[in-house]
Amino acid sequence: MPRYYFHLLDASTATFIRDSAGASLLNATEAKREAVALAQDIVRHRLHGSTWKVVVTDENTSIILRVPLSKVRPRRIRVVFDLLCRVAFYEPRLRPQIFTWLLTAVVLALIIHRRC
């Protein structure tokens, strides 16, 4: 199996963070999937600037793919899961009426978010 490396590059400052371990994947399609997932995780944690990119190279250091973080949106399911965890954490501390209103607001927010 070929080995792919997932580096980070800041185009504005020429900062390059090299992936020295890499990952053995079946093909470039899997490497692209992995690069997009990595970019989504970075964006979700807000660990990036607008000029950062995930750069995928193969064993011969040929560039296979560039994924600009400015073009990536975080995974929606993770955002929903985080929100539900926060609501569950606050539930025992609130009166039942307040918790019901809060839960209703969360459900409405999820419906609106899904339509966008």
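A contact here means heavy atoms within 4.5 Å of each other. With that in hand, welcome to a short tour of this predicted model.

**Figure 1. The whole chain, with three helices and five strands.** Before the close-ups, here is the overall picture. Going along the sequence, the elements come in the order β-β-β-α-β-β-α-α. Among the contacts with a separation of 6 or more, 51% are between residues 24 or more positions apart. The chain has 116 residues, and 25% of them count as buried. Its accessible surface is about 8,400 Å², with 58% of that belonging to carbon and sulfur atoms.

**Figure 2. D58, a buried acid in the loop between β4 and β5.** This loop links β4 (52-57) to β5 (63-68). Which side chain of opposite charge is nearest to D58? It is R18, and it is 11 Å away. A salt bridge requires a side-chain nitrogen of Lys or Arg within 4 Å of a carboxyl oxygen of Asp or Glu, and D58 has none. What the D58 side chain does have is a polar atom 2.9 Å from the backbone nitrogen of S62. Once neighbours within four places in sequence are set aside, the contacts of D58 are R3, Y4, Y5 and I64.

**Figure 3. T57 in strand β4, with H7 as a polar partner.** Is T57 buried or exposed? T57 counts as buried because its relative accessible area is 7%, and the cut-off for buried is under 20%. The side chains of T57 and H7 make a polar contact of 3.0 Å. Leaving out neighbours within four places in sequence, T57 touches R3, Y4, Y5, H7, S62, I63 and I64. R3, Y4, Y5 and I64 also appear in the contact list of D58, so you may like to view this panel alongside the previous one.

**Figure 4. T61, a residue with positive phi in the loop between β4 and β5.** Staying in the loop that holds D58, we come to T61. The phi of T61 is near 60°, a positive value in a residue that is not glycine. Most residues other than glycine have a negative phi. With a relative accessible area of 62%, T61 is exposed, whereas D58 is buried.

**Figure 5. A14, another positive phi, in the loop between β1 and β2.** Here the loop runs from β1 (3-10) to β2 (15-17). A14 is not a glycine, yet its phi is positive, near 60°. Why does A14 count as exposed? Its relative accessible area is 62%, and the cut-off for exposed is over 50%.

**Figure 6. T13 and its polar contacts in the loop between β1 and β2.** T13 sits in the loop that also holds A14. Which side chains pair with that of T13? One is D10, with a polar contact of 3.1 Å. Another is T15, whose side chain is joined to that of T13 by a polar contact of 2.7 Å. Further along the sequence, W52 is 39 residues from T13, and their C-alpha atoms are 9.6 Å apart.

**Figure 7. P68 in strand β5, with W52 and K53 in contact.** P68 is partly exposed, at 28% relative accessibility. Not counting residues up to four places away in sequence, P68 touches W52 and K53. How far apart in space are P68 and D10? Their C-alpha atoms are separated by 9.6 Å, while their positions lie 58 residues apart in sequence. D10 is the residue whose side chain makes a polar contact with that of T13.

**Figure 8. V43, a buried residue of helix α1.** Helix α1 covers residues 28-44 and includes V43. At 11% relative accessibility, V43 counts as buried. The C-alpha atoms of V43 and K71 are 9.9 Å apart, for two residues that are 28 positions apart along the chain.

**Figure 9. A nonpolar surface patch that includes V107.** Which residues form this patch? They are L103, V107, L108 and I111, and together they have about 320 Å² of accessible area. V107 belongs to helix α3 (residues 96-115). V107 is partly exposed, with a relative accessible area of 41%, and a patch residue needs over 30%.

Conventions
Residues are numbered from 1 along each chain as its sequence is written. This is a predicted model: local features need pLDDT of at least 70, side-chain atom pairs count only at pLDDT 80 or more; totals for chains, interfaces and linings use all residues. Side-chain values use heavy atoms; hydrogens and water are left out. Helices (H or I, at least four residues) and strands (E, at least two) are DSSP runs, numbered from the N terminus. Buried means under 20% relative accessible area, exposed over 50%, partly exposed in between (1.4 Å probe, protein chains only). Lys and Arg count as positive and Asp and Glu as negative; His and the chain ends are not counted. A polar contact is a pair of N or O atoms within 3.5 Å; within protein, one must be able to donate a hydrogen and the other to accept it, and residues adjacent in sequence count only if both atoms are side-chain atoms. Patches are made of residues with over 30% relative accessible area and no salt bridge: like charges are joined within 9 Å, nonpolar side chains (Val, Leu, Ile, Met, Phe, Trp, Tyr) within 5 Å. Accessible areas come from the Shrake-Rupley method with a 1.4 Å probe; for residues, only the protein chains shown count as cover.
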